[in-house]
Amino acid sequence: MSTSSTPPPILPTALAPLTAHSPHDSGADTAPGVIVVDSCTTLGTTLVVQVSGEIDRFSAAPLGALMVSAAADGYTGLVLDTFRVTFCDSGLLSVLGWWPRSGRRLRLVNPSRAVTRLLRAAAAAD
């Protein structure tokens, strides 16, 4: 049993500062994206969700959980505003793919450039 009143640090206390001589990798970022639900409102049986950030297979999970919960609560419509999404990949398509089943309605509004690019690529692949 610890008697310490402060929790141990998650990150090291001193991180190396980035200097002009530090190596920099300009390649792809390997960290998972971050998605933020900016707003979530309801209009009858329709859920209106505004998201921002980066949507990949990791960060799409909370959005999927929100949708599963909404479906379980009887919501049959989903309006997803993606205007502030800066990056997305097939993780977004995966999480949205099951919603239209069982007669549920899905509408994407204000698609960002990233979302538009993904939708065009998906349509071209079909």
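**Exercise 1. State the order of helices and strands along the sequence of this predicted model.**

Solution. Helices (H or I, at least four residues) and strands (E, at least two) are DSSP runs, numbered from the N terminus. The protein reads β-β-α-β-α-β-α. The count is 3 helices and 4 strands. Residues are numbered from 1 along each chain as its sequence is written. In this predicted model, local features need pLDDT of at least 70, side-chain atom pairs count only at pLDDT 80 or more, and totals for chains, interfaces and linings use all residues, while side-chain values use heavy atoms, with hydrogens and water left out.

**Exercise 2. Find which residues of α3 are buried and where they lie around the axis.**

Solution. Buried means under 20% relative accessible area, exposed over 50%, and partly exposed in between (1.4 Å probe, protein chains only). In α3, the buried residues are Ala 114, Val 115 and Leu 118. They lie on the same side of α3, because their arc around the axis is only 95° (taken from the directions from the helix axis to the C-beta atoms). An α-helix has 3.6 residues a turn, so residues three or four places apart point the same way. The cover over the buried residues of α3 includes β3 (77–88) and α2 (90–97), with contact meaning heavy atoms within 4.5 Å. On the face turned away sit the exposed residues Arg 113, Arg 117, Arg 120, Ala 123 and Ala 124.

**Exercise 3. Determine how many disulfides the structure holds, and classify Cys 40 and Cys 88 by accessibility.**

Solution. A disulfide is a pair of cysteine sulfur atoms within 2.5 Å. The structure holds 0 disulfides. Cys 40, at 40% relative accessibility, is partly exposed. Cys 88 has a relative accessible area of 9% and is buried.
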